[in-house]
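Biologist: Got a minute to go through a structure with me? I'd like to pick it apart piece by piece.

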Amino acid sequence: MNKRHLYQLSFSLLGITLLSGCVTVPPVDKSPPWPAQRYYEEARRAEAGGSYGVALMQLSELKRYYPNSPYTALVPLESSYALYKTGEYKAALLAIEQFITEQPKSPSLDYAWYLKGLIQIKLATPPEGSNAE
């Protein structure tokens, strides 16, 4: 290859590279598909139906899309219940302690303390079939 062809190839590649940078990618819509209340209601509905994984997913989405919503303040409480029901007692305890710490004046505080007690009992009880006495 002579120098002229090498320059033409270099400029062609440079042009293609520059033009490819000008291609526009449509913006990703980051707006939430649902209002905060609906995420919370869907999570509660899933819990009532025993779909605790779905409830945890809805609560996670609520927290992600609406970090400052009044419904988001209840996420640790609701998550704790769903985690308790799935046997994730340590994670449930962390979530309920977060709720108690962050929401000391919540009308749901009595329930939170009750749930914390249930979780602590489960953590203190040896699993069925173990030889612990």
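Modeller: Sure. Let me start with Gly50, which is partly exposed, with a relative accessible area of 39%. Keep in mind that we're looking at a predicted model.

Biologist: OK, where does Gly50 lie?

Modeller: In the loop between α2 and α3, where α3 covers 52-65. Gly50 can also be placed relative to Thr86: their C-alpha atoms are separated by 9.5 Å, with the two positions 36 residues apart along the chain.

Biologist: Let's zoom out. How many helices and strands does the protein have?

Modeller: Six helices and zero strands. Going along the sequence, the pattern reads α-α-α-α-α-α.

Biologist: And what share of the residues is buried?

Modeller: 26% of the 133 residues. The accessible surface comes to about 9,600 Å², and carbon and sulfur atoms account for 59% of that.

Biologist: What about contacts far apart in sequence, say at least 24 residues?

Modeller: If you take the contacts between residues at least 6 apart in sequence, 50% of them join residues at least 24 apart.

Biologist: Switching to charges. How many salt bridges does the structure hold?

Modeller: Five. One of them pairs the side chains of Arg38 and Glu42, at 3.7 Å from N to O.

Biologist: How are Arg38 and Glu42 placed in helix α2?

Modeller: Helix α2 runs over residues 36-48, and Arg38 and Glu42 sit four residues apart in it, so about one helical turn separates them. Arg38 is partly exposed at 37% relative accessibility, and Glu42 is partly exposed too, at 22%.

Biologist: Which salt bridge does Arg45 make?

Modeller: Arg45 meets Glu42, with a distance of 2.7 Å from N to O. The two are three residues apart in helix α2, so again the separation is about one helical turn.

Biologist: And what about Arg44, what does Arg44 form a salt bridge with?

Modeller: With Glu78, where the closest N and O atoms are 3.3 Å apart. Arg44 lies in helix α2 while Glu78 lies in helix α4 (residues 75-85), so this pair ties together parts that are 34 residues apart in sequence.

Biologist: Are Arg44 and Glu78 buried or exposed?

Modeller: They split. Arg44 is partly exposed, with a relative accessible area of 41%, whereas Glu78 counts as buried at 8%. Going back to the α2 pairs, the salt bridges that share partners join Arg38, Glu42 and Arg45 into one network.

Biologist: Nice. Now rings: how many aromatic pairs are there?

Modeller: Seven. One of them is Tyr52 with Tyr81: the ring centres are 6.2 Å apart and the planes are at 75°, so the pair is edge-to-face.

Biologist: Which helices do Tyr52 and Tyr81 lie in?

Modeller: Tyr52 lies in helix α3 and Tyr81 in helix α4, so the pair ties together parts that are 29 residues apart in sequence. As for cover, Tyr52 counts as buried at 15% relative accessibility, while Tyr81 counts as partly exposed at 25%.

Biologist: Which rings link into a cluster?

Modeller: Trp34, Tyr39, Tyr65 and Tyr66, through ring pairs. Tyr65 also has a charge on its face: Arg64 lies over the ring, at 4.3 Å from the ring centre.

Biologist: OK, on to packing. In the largest nonpolar core, which residues touch the most other members?

Modeller: Ile96, Ala112 and Ile119, out of 13 residues in that core. Helices α4, α5 (89-102) and α6 (109-124) each supply at least two residues of the core.

Biologist: Which helix gives the most to this core?

Modeller: That's α5, with six residues.

Biologist: And which residues is Ala112 in contact with, leaving aside its neighbours in sequence?

Modeller: Skipping neighbours within four places, Ala112 is in contact with Leu77, Ile96, Phe99 and Ile100.

Biologist: Which residues does the second, separate core include?

Modeller: Among its seven residues are Ala36, Tyr39, Tyr40 and Leu62. You've already met Tyr39 as part of the ring cluster with Trp34, Tyr65 and Tyr66.

Key
Residues numbered from 1 in each chain as written. Predicted model: local features only at pLDDT ≥ 70, side-chain atom pairs only at ≥ 80, totals over all residues. Heavy atoms only, no water. Buried < 20%, exposed > 50% of the residue type's maximum accessible area, 1.4 Å probe, protein only. Contact = heavy atoms within 4.5 Å. Areas by Shrake-Rupley, 256 points an atom, 1.4 Å probe, with all protein chains shown as cover. Salt bridge = Lys/Arg side-chain N within 4 Å of Asp/Glu carboxyl O. Phe/Tyr/Trp six-rings, centres within 6.5 Å; stacked < 30°, edge-to-face > 60°. Lys NZ or Arg CZ within 6 Å of the ring centre and 35° of its normal. Core = buried A, V, L, I, M, F, W, Y, C linked by side-chain atoms within 4.5 Å.
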